[in-house]
Structure formats: C-alpha cells, structure tokens
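Student: I should like a close look at a single part of this structure. Please take me through how that part is put together, step by step.

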Amino acid sequence: MAEIISTEANYDRWSNFIFPHSKSANIYGRRTKQWEVKLPDGRVAESMIEVIPAQDAKSYTTKTYDVFLALIALWKERSMPDEPIELFLSDIAKKLDLKPSGKALNSIVEELRCLEETKTSWVFSFQTKSGSEETYKGQRVLSHFQYTKLKERSL
C-alpha cells in the first residue's frame with residue numbers, strides 16, 4: 001500500500017515533466033530529465049527520469065494524467081483493494097465530468113492503454129516514504145488493463 005501511495009506522490013511531484021500538455025511536440029518517443037544528486041554516502045550521482053512509450057505510440061499527456069487521477073479516486077472510493085478492480089468507462093467519464101459519449105469513452109480507452117504501455121524509469125529519483133531516492137526501471141502505472149466491448153462480454 002505504501003508503495004502505491006509513494007508512486008502517486010512521485011508522479012504528482014514530476015507531473016509537469018511526465019505529463020506534458022497534449023499539444024506538446026514531444027509526446028512521441030523517449031523523454032529524459034537529468035540532474036545531479038548527492039547520495040547519503042556523499043557521492044554525487046546522475047539522477048534521471050525517463051518516460052518510454054510503447055513503440056510508435058504516444059506517451060503520457062495531461063489527458064493521461066486526468067485519467068490517472070480519476071483511477072486513483074475510484075480506487076480510493078473502493079477501499080483501495082490490492083487486487084485488480086473492474087470499472088466501467090462511464091465511471092471514469094463521470095469522475096472527469098465528461099458525458100459518456102463515444103468520443104469521450106474512446107479517448108479514455110486510449111489514455112488507459114497509454115498508462116499500461118508507457119514505462120517510466122527512475123534513477124536515483126524515486127522518493128520513498130523514508131525520504132531516500134531509489135531506482136526503479138520500467139515502472140508502469142497500470143500493470144493490468146483489459147478492455148472488453150459489450151458485444152464481447154458473456155452474459
């Protein structure tokens with residue numbers, strides 16, 4: 001549980017870099033932010049955050065961030081279970097104050113796929129609850145995403 005909350009805080013902390021405006025030029029391809037950090041043992045290391053979209057796919061944008069925050073809110077409303085939860089696209093649309101129309105729902109599906117496929121690597125940049133800067137590579141916001149169309153569902 002602390003890992004999930006810590007992840008949410010790190011994404012919030014770096015949201016301007018990780019989730020650029022949807023009309024930005026650099027939403028395709030890798031994006032990297034680097035800086036120096038002093039480690040607890042006194043050494044200086046290169047910190048980095050790298051956002052890596054799936055091949056030929058767009059990366060995170062502010063729209064993705066909105067869907068991410070809606071998912072967090074829905075997860076918290078459902079008592080923060082450890083196992084995957086089932087949601088309807090209309091639940092997410094309501095959280096985003098969108099009408100559950102075809103265009104809005106298709107956009108949400110696109111952002112959910114982006115949350116599943118895009119990876120973020122944190123090198124001496126992921127802040128843990130204890131305050132230390134850790135390294136995590138290939139982190140995905142959604143580890144499990146399965147979208148089933150109405151006609152594909154068993155009744």
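**The hairpin and its sheet**

Tutor: In this predicted model, strand 3 and strand 4 form a hairpin with five residues between them. Within that turn lies Gly-131, whose phi is positive, at about 95 degrees. The two arms of the hairpin, strand 3 (residues 119-127) and strand 4 (residues 133-139), run antiparallel and are joined by four bridges. One of the paired positions is Gln-127, whose bridge partner in strand 4 is Glu-133.

Strand 3 also has a partner in strand 2 (residues 44-52). These two strands likewise run antiparallel, and five bridges join them. Here Val-51 stands opposite Thr-120 of strand 3.

The hairpin thus belongs to a wider arrangement: an open sheet of four strands, in the order 1-2-3-4, with antiparallel pairing. Its edges are strand 1 (31-38) and strand 4, each of which pairs on one side only. From one strand to the next, the twist averages 15 degrees. As a general point for reading such a sheet, side chains in a regular strand alternate between the two faces.

Conventions. Residues numbered from 1 in each chain as written. Predicted model: local features only at pLDDT ≥ 70, side-chain atom pairs only at ≥ 80, totals over all residues. Heavy atoms only, no water. Pairing = 2+ DSSP bridges. Axes fitted to C-alpha atoms, helices over the stretch in contact; angles between N-to-C directions.
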